Amino acid sequence: YIAATDIGTTELDMAVFAHEIGDMRACTGKPAELGGIPHELGTTGYGVTSALEAAVEVLEELKSLHVSKRQIRVSIQGFGNVGSFTAKFLDSSGIKVVAISDVSGFIYNKDGLNIPVLMKDMKGKTRFSDLKGYDTYDKEGIFEVDSDIFIPAAIGDVITDKTASKLLENNVKMVVEAANLPTLPSAGEYLHKNGVWMIPDFIANAGGVIGSFVEYQGRTEKEAFELIKYKIVKAVRNILTEAIVRQENPRTLAIEMSRQVIYRAMLLR
């Protein structure tokens, strides 16, 4: 069992963990000074962005997403490590983030939020309600923002039957799961049946785990980001292409294909 950072922990916690255990290989996400690839570099958010871009490219190629990359509007629920870096990487790639929420509320700009300025303004602050010069709305309203792609990047079980219908009413065409298990099965099936594409969590948010794998092997930050992009883009393209051909739920197919990989690996042992 190899530990790594998650909600409420940082690279400094991993440093303490490794020293207390007496083994630098006991955990990943350590500070760079200890040979680590800290999650504070945004490996998970980078993976989410890679998944989103790959999904948009595939669906555009197959004429299954009726909005171009430069027109896409994204809403993000959560502004912790995953949500903030997802916003940063999306903004860097020219994709418009129109709304982001945290525990205190959500902020919105139909023309796109200025992510670099927002991240700068958030330095030393813990929640959006501490910001000056921004209008903050009730956090549950994030499900009612008119947008093309919704990214749950906080906790589990947030897309319920009730919130799923709100997403559909507000023109969401794709959900990219950046949190662990953010969608209830019934809500996921409802969205799928109504034409909303779902990129499952264990693919979209795998960037942090891939980064941890590279760190455990003693490889570099550059190699981590290269492998994250390669693996996630490949997985998304394979799953969406197969889902369109077979007209099945991408999550169901992703689980099936993942099991096949694991079974083969087990046989080869």
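Q: What covers the buried residues of helix 9?
A: The cover includes helix 2 (43–61), helix 3 (81–92), strand 6 (197–199), helix 7 (201–204), helix 8 (207–216) and helix 10 (250–268). Helices and strands here are DSSP runs numbered from the N terminus (H or I for at least four residues, E for at least two). Cover is about contact, meaning heavy atoms within 4.5 Å. Keep in mind that this is a predicted model, where local features need pLDDT of at least 70, side-chain atom pairs count only at pLDDT 80 or more, and totals for chains, interfaces and linings use all residues. Residues are numbered from 1 along each chain as its sequence is written, and side-chain values use heavy atoms, leaving out hydrogens and water.

Q: Why does Phe-225 count as buried?
A: Buried means under 20% relative accessible area, exposed means over 50%, and partly exposed is in between (1.4 Å probe, protein chains only). Phe-225 comes out at 15%, so it gets the label buried. Phe-225 sits in helix 9 (residues 221–246), and other buried residues of that helix include Leu-227, Ile-232 and Ala-243.

Q: Which residues is Phe-225 in contact with, leaving aside its neighbours within four places in sequence?
A: They are Leu-41, Gly-42, Thr-43, Tyr-46 and Phe-89. As for Gly-207, its C-alpha is 8.2 Å from that of Phe-225, with their positions 18 residues apart in sequence.

Q: How do you know what span is expected for helix 9?
A: Take 1.5 Å times one less than the number of residues. Helix 9 has 26 residues, which gives 38 Å, and the model's 37 Å from first C-alpha to last is close to that. Right after the helix comes Gln-247, with a positive phi near 55°.

Q: What makes Glu-61 and Arg-237 a salt bridge?
A: The rule asks for a side-chain nitrogen of Lys or Arg within 4 Å of a carboxyl oxygen of Asp or Glu. For Glu-61 and Arg-237 the closest N and O atoms are 2.9 Å apart, and that fits the rule. This pair ties helix 2 to helix 9, with 176 residues separating the two in sequence.

Q: Why does Glu-61 count as partly exposed?
A: Its relative accessibility is 49%, so Glu-61 lands in the in-between class. Arg-237, at 28%, is partly exposed too.

Q: How do you know that Asp-201 forms a salt bridge with Arg-251?
A: Their closest N and O atoms are 3.1 Å apart, which passes the cut-off. Here helix 7 is linked to helix 10, 50 residues away along the chain.

Q: Is Asp-201 buried or exposed, and why?
A: Asp-201 is buried, because its relative accessible area is just 6%. Its partner Arg-251 is at 24%, so that one is partly exposed.

Q: How many salt bridges does the rule give?
A: The count comes to 15. Some join up: Arg-73, Asp-146, Asp-148 and Lys-173 are linked in a network.

Q: How many helices and strands are there in the protein?
A: Ten helices and six strands.

Q: Why is the protein called as compact as a globular protein of that length?
A: The radius of gyration is taken over C-alpha atoms, and the globule rule is 2.2 Å times the number of residues to the power 0.38. For 269 residues the rule gives 18 Å and the protein has 19 Å, which is close, so the label holds.
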